[in-house]
Each structure stands twice: as C-alpha cells, then as structure tokens.
Amino acid sequence: MIEYLIAATFIGMLFHGIHRKVIARIQQRPGPPIWQEILHALKFSFKETWIPETASQALFVGVILVAIGIWSAALFVLLSGGSLLLLFGIYMLHKIVEHGTGLSSGSPYGKFGAIRSVITAAAEIPLFATIAAVYLFTGSLAISDIAAYQQVHGPLLFIVPPAALAMYLVILTKVYYSPFAVIESKEIVSGYKTEHFGVWRAALEVGFSLKTFVLLYAFVIVFIGLLPIWWTLLLMLAILVSISFVCALTPMLSPYDSVTVQSIATGLIVAALAVQWVVMA
Amino acid sequence: MFSLPTGQIGGRELFVVEFGDVVNYFSPYTASLFAFALIFTVIVIISRPERMVEIAFGGDAYLAKEIPTKDLAFQRFMAIACGLATLAAVVSGDLFNFALFTSMVGITNIGIVAAVRSRHVLNAAYQYGIVAMVATLPLFGAAAITLATTGSLSLWELYRAGITVPFVAKAFLVLGVMGEGMAPFYVAKAEITRAPGAPYILMIHVSSLLVFLRVVEIALSM
C-alpha cells in the first residue's frame, strides 16, 4: 500500500505542476516547470518551522495529519473497490480539514478562509447528484460493482452524462486556481492555509496532491471503468487539462457568486437526471 | 445473532458491540465515521483554545485577544459531550438510539455556542436552540412512524428486503437530522468572528457532518 501512496502523492504533485503550466501557457506566460510543486514540497520540508504563538497547537498540527489520513484512506477505498458512499463521506470530511486548518491559527485570514469554506457547502451538493444517479442506474454503491456494470453496459459517462458533469464540477471546485476557490483567494492572503508554513505546508501539499489524484482516479473508475494503468493516467491527465482550461479562462468568483453558480448548476444537473430517469423508466 | 442484510451501502458488518439493549455495529462505513469522531474528540480533549487575532481597521495594527481558559471550560465540556454523542450516533444499531444521540448532538451544539460570553453569540445560540428543539419532533416522529408500520426499530430488521419503511418516515428522519445539525450554519454567520475556541467550535461541524453522513446510509439502506 505504501508504494501506491508514494506514487499517488508524486503523481498528484506532478498533476498540480502540469495544471499550473497549462494555465500559464494559455495565458501566454512561460509558467513554472511541471515538477515545481514537487520542488515546493521538498523546499517547505527543510524550512524553519514553528507553531504560531496564538494557535491551538494540537488542532494546528492534528488537522494536517487528518488531511493526509483521510485521503490515504480514500485511495485505499478506491484501490480495494470499496463503497462510493465512503468516498463521498471522506470528501465531505475534507470540509472539516479546511475549516480546522483555518480556525486553528487564530489568524483573521485563516478564519475568513474557514468561514468561506462553510458557506460554499453548495460545492458538495453535486456529489449527492452523482451518488444518487450512480445508485439508481447501477443498483450498487460498491466501486467494484460499478466497474463491473460498466464492463457489461459501457461507460456511465455516456449513460448518465449529467452525473459525470456533477462530479466534474466537484473536481473543478477543489483544484487550485478554480473559479470557485474562494477559500484560498489572494484577497485573504492564502485563506485557510495562510499560517501553515514550512513542514506543515509540505504535509498539507502531500494531502492535497493525494486528494487531486483520488478525485481524478475516482472519476475515471466511476464513469469510464477499469482500464490499464497507463490509459487511466492518460485519461486523468486529459480531464485535468480540460479543468486547467476552465481555470485559465474564468475569473475567480466572489463567494456569493460562487455559491449561486454552484447551486444553479446543481439544480440543472438534478433536473436533467430526473428527466432522464423518468424517460428511461 | 446479528447479521446485516445489506452489503452494498455501508459495506459488510465487521463486528457488533452490545450494551444491554443498546446494540452498535461496525461496518467499514460506520467504523470510518467512528474513527473520525474519535480523532476529533481526542483533539478536543487535548487542545487548548487559540488566541484570536483581530485586525484594527485603518492601520497596520493587530491585537490578540486574551481569553481566560476557565471561560472556555464549559465550552470544552460540551464539545467532549458532543463528541461522545456523535460516537454513539454513528454506530447505533437501532433507530430510536440514533434519534436519541442525534438530539444529544443538537443539545450539546447549542451548549458549545451558548458558552461564549457575548450577546451576539448568545442570540445565535438561542435561535439554533429553537431550531434544534423543533427538529426533535420529526426526528422522533420518524422513529415512531417506523415502529408503528414495521413493528421494529432495529436496523437489522429494517434493512431486510421484505420490510418497507414509509417514505414519510425517511423524510422526517432526514429533516430531523438537518434541524439538529443546523448549527454549522452558525459558523458562517458573523458571530463566528466573535467566538473563540476553535477546537470546540469545530466539533459542531464535525458532529453535524458525521450524523448527516450516517443518516444518508440509514435512509438508503431502509
């Protein structure tokens, strides 16, 4: 398992680097090398590190371990063909990580990031639509059953495209430089991550790169099916590049606009799913 | 003696813990929720609160608030109680106990908010208190309707394919949990900027989220 964790972490960081590079090239900037995020994590690992005097120490450190823990567990769930509901639960628990990271330092910037994380709970709603649609069509929430269903009936991407769109929206919400990334936007410095520096930031980056890997991998397995590893990685990269295009061409929304857009998009997706379900029934 | 009929929602049953009539079960799903609640309960027990830093508008100055630890003792106690109630709710094996521990989560959430000595925060606690109290009606109503129509509150029975739980009972159950778990919206309000005690405030969010994740599993499985 440990070799999968290490590989997923480095691939996730490499994906973050590619994401930055693609955005830069679209915006006609040279951009950093694609391994920049790996260098960042290594650099942070050897920087002088301490805990801010005002922080709640146990929470300040504990929440980082929780971030790595939940996304390691999510990777295990995916690899073992476990429950999609459990994966959904872990994704929801990431909200606690954002919230706890922001609140723990006592910094007003972190706190604003944490508050924004709560008010953008609408970002989680599309995942409900995904889970419900997958369950309705496949009759199971076990990832292994969903993969087996697709081997017989073809990719869910073509059977329930609105559900795939909902999950795509979820991934888009969670990547860096997303139009919905209001919790870490620059007017509040780095938002909930502002006071986590040095080794703490490196550890957070490990957790977040695992998150990126898991979400992209989950999309491929749930909506396209089990494929050879190189095909899977290639498809994950293709999805990421398409997201980079969205991020490069879309301004960051204000918190209330972000919630409004996500809510409307989710409403439309749910309506489309309902219509499709009624028509097919 | 106990064997969960559904394998596809929360995974297969791993083991059962009995406390007399109170029977709890651990599946991969409930065990994960339990582990997460346990981690944050431990964090609450060992954490000291942060000191809030505030920016003085109109300049570069900032100041750190000094909050005496004893002022937050009740908030900490309520957060630990909330953690324990959450632990029980996420592994509960019958609908009544689930409703009971969920309502305890609601009550302790109010306590965490109400422990802060600020008129604005107390107003928020009062408002959430009303919502949480009202929500106990659909919550226990769901258990009552389920018992009246199926003759059982045991999830082992209710998960069986032959037993149909009325949709209204499921809807009431989810509605009740939403009411009890209303408190996270408190942190999105301006009052949060006045409320210290990050580890304890965070427990509001943790408990509500975990209980919500549990009710999704119960509603889908029944």
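How far does helix α3 (residues 57-79) of chain A reach from its first C-alpha to its last? The answer is 34 Å over 23 residues, close to the 33 Å expected at 1.5 Å a residue (the expected span being 1.5 Å times one less than the number of residues). Helices here are DSSP runs of H or I with at least four residues, and strands are E runs of at least two, numbered from the N terminus. Just after α3(A) comes A:Gly81, with a positive phi near 70°.

A quick note on ground rules: this is a predicted model, where local features need pLDDT of at least 70, side-chain atom pairs count only at pLDDT 80 or more, and totals for chains, interfaces and linings use all residues. Residues are numbered from 1 along each chain as its sequence is written, while chains are lettered from A and ligands numbered from 1 in the order in which they are written.

UniProt, in an unreviewed entry, puts "transmembrane region" on several stretches of chain A, including 60-93 and 156-177; positions follow the numbering used here, feature names are shortened, and annotations may be inferred rather than shown by experiment.

| Chain A span | Helix | Strand | End C-alpha separation |
|---|---|---|---|
| residues 60-93 | 88% | 0% | 16 Å |
| residues 156-177 | 82% | 0% | 28 Å |

Over in chain B, B:Arg48 sits in the loop between α1 (28-46) and β3 (53-55). Leaving aside neighbours within four places in sequence, B:Arg48 is in contact (C-beta atoms, placed from the backbone, within 7 Å) with A:Ser56, A:Gln57 and B:Thr69. The C-alpha atoms of B:Arg48 and B:Pro199 are 7.9 Å apart, despite a gap of 151 residues along the chain.

Definitions and conventions: Contact = placed C-beta atoms within 7 Å.
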